[in-house]
Amino acid sequence: MNVLEQTEQKLKQEISEAVLKSGLASAEELPEIILEKPKDKSHGDFATNIAMQLARIAKKAPRQIADEIVKVINETEASIEKIEIAGPGFINFFMKNDLLEQIIPTILREQDNYGKSDAGKGKRIQVEFVSVNPTGDLHLGHARGAAYGDVLSSLLAAAGYNVEREYYINDAGSQIDKLGFSVEARYLQELGEDVEMPEDGYHGQVIIDMAKAIVAEDGNKWLEKSHEERFEYMKEYGLKASLRNIERDLKDFHVEFDNWFSERTLYEDDQIPNAVQQLKESGYIYEKDGATWFKTTEFGDDKDRVIIKQDGNYTYLTPDIAYHKNKLDRGFDKLINVWGSDHHGYVARMNAAIQALGYPADKLEVKIIQMVNLFEGGEKVRMSKRTGKAVSLRELMEEVGIDATRYFFVARSNDSQLDFDIDLARSQSNENPVYYVQYAHARICTMLSQAETRGFDVNGKFDFAELTSEKEQELLMKIGSFPQTVADAAEKHAPQRVTNYVFELASLLHSFYNAEKVLDADAPERTTARIALMKAVRITIANALNLIGVTAPEKM
RNA sequence: GUCCCAAUAGCUCAGCUGGAUAGAGCAACAGCCUUCUAAGCUGUAGGUCGUAGGUUCGAAUCCUACUUGGGACGCCA
């Protein structure tokens, strides 16, 4: 637990005791004490609305209640400097300054670990994301999900959860057969055969590249084989090549998985029929029109869903149910799926499956990633200029860079559509929030290296009392709240809170930088203290950027 | 028709568990480099929080209806 949290805990406790002591409410009636950090500094460091909340219980005016609480509160215990009652009945607390004193030493001690907490208590969470069909490569739509899933995982890990990142490979369905036919057609075309590309095949350039690679390796070897043999080889080749592409693109985007789960393994030991059997035993299965149905309406879905078609094949849903059963059987405390918005209609039936398998509905949480619209030169970019197809993750990385891409993707709530301005992401100016934040980090690094070359005491004991200016106090409060920000962002699955936070911290740093001089030979004591502050701010910015997978450059 | 998401300054967006005078950046206007990086800072101006009800001491925030934009509604995957 960090310094600010301890302070809050203590204060909350003293407020509760004061309420009980004044007889305003009994222990059972006592509402949860809510502390907030007022925006306006004249409202103190913390404020509580407890007096308003107690108005009905105590049947007294809020201001009078506040008065009675303030009279009996133990100011020394909670390190309170001053208390004021304001507005409709807010109690404002001004804390003793020395509480901030621990912040810098804590950060300097924890270094890379600063910001982590044990809020998640080691609970096992699995985050499944991207999971694109291995039939081509990753495009824009997948990139946002990749950034979101990866950062969410990092946040959960930092907040003390035991996190596993998983990619589900759809390598068993009919889409893989389609891939096989597509590669085969391109292969035969490469060899000059008069073959039509199937209408519903995959037309991307990657497929042609695969065909060319096969020709380069094997020449016309597969021309002579039977169609079955050739198709089988083409399918497997396409699958492996697609996966290689996807894995490479993701790795370059700094996204790595703990586990790549193959759909095929579900077929190997009857996991799908077993899952269906379990649903049947629970009474959620019936036969109609020659098909097998799953009663998802029992759990709030619009209509029941077919899981075994008239022709005896499974629908898309069936192996997915088995997959989720497999995940649940692995003992995770919680499953998170990151899906594109075009799959949201699928959420209800998956939730139904979870419950029908005997698990509580909140065991699985599906995060829907809304669409991304690309803009360049003020115009909406519909297709890639290079390929005429959807813009790929790789193109985006090459066009705007990894840092900016990742930052922009997680800077917005997953529930909101995202307008991605390529010009802005690429611009090296103050308009670009990524550069703004990175520049703050680089600025500090410059100061610190200058401090060393100019012979200032960079590791000395510093006197906290030297840090008295308003901007220094604001910086201290801000860096002190970082662990709480990380925990909140993890809890709410809201990476954008981290980008907001680090942007605000950078802003405070720039403001401080322009107002005060850090390295001042005429004031060595103050300089030592400010160097310590700068180190702490640098660590906090670097850790925040690291969480969202953005680099923290030392020079720009 | 049903379901999901969104709607806040001219533009792009924050706004935490309902809290005090709704905040940034860009664009506009006025300033700041002899000084640790001006990729920066300071100030001015800009708002019926989509509309209408409701809950509450208090609503941008919660509830209901509606409007607009986007998406989804297959024995496809």
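How far does a polar side-chain atom of N133 lie from a sugar or linking oxygen of RNA strand B? I looked this up and found 3.2 Å.

**Entry 1: the model.** I note that this is a predicted model, in which local features need pLDDT of at least 70 and side-chain atom pairs count only at pLDDT 80 or more, while totals for chains, interfaces and linings use all residues. Residues are numbered from 1 along each chain as its sequence is written, chains are lettered from A and ligands numbered from 1 in the order in which they are written, and side-chain values use heavy atoms, with hydrogens and water left out.

**Entry 2: the RNA strand.** I listed 65 residues around RNA strand B, of which Q175, D415, N430, Y439 and K492 come nearest. Here a residue is near a strand if one of its heavy atoms lies within 4 Å of it. Of the strand's atoms within 4 Å of the protein, 62% belong to sugar or phosphate, and the rest belong to bases.

I then looked up two further atom pairs. An N or O atom in the side chain of Q417 is 2.8 Å from a sugar or linking oxygen of RNA strand B. For Y436, the distance from a side-chain N or O atom to a phosphate oxygen of the strand is 2.4 Å.

**Entry 3: the surface near the strand.** Which helix gives the most to the surface near RNA strand B? It is α16, with eight residues. Elements that each supply at least two residues include β4 (90-95), α6 (174-190) and α19 (496-515). Helices (H or I, at least four residues) and strands (E, at least two) are DSSP runs, numbered from the N terminus. By class, I recorded 22 nonpolar, 23 polar and 20 charged residues on this surface. Ala, Val, Leu, Ile, Met, Phe, Trp, Tyr, Cys and Pro count as nonpolar, Asp, Glu, Lys and Arg as charged, and the others, Gly among them, as polar.

**Entry 4: domains 1 and 3.** The assignment for chain A, automatic or from a database, gives domain 1 (3-95), domain 2 (174-252) and domain 3 (430-547). Contact (heavy atoms within 4.5 Å) takes four residues from domain 1 and six residues from domain 3. The side of domain 1 that touches domain 3 has one nonpolar, no polar and three charged residues. I found zero salt bridges across this interface, a salt bridge being a side-chain nitrogen of Lys or Arg within 4 Å of a carboxyl oxygen of Asp or Glu.

**Entry 5: salt bridges.** The structure holds 26 salt bridges. I examined the one between K325 and D329, whose closest N and O atoms are 3.2 Å apart. These two residues are separated by about one helical turn because they are four residues apart in helix α11 (residues 317-329).

Notes: Polar contact = N/O pair within 3.5 Å; in protein donor to acceptor, adjacent residues only side chain to side chain.
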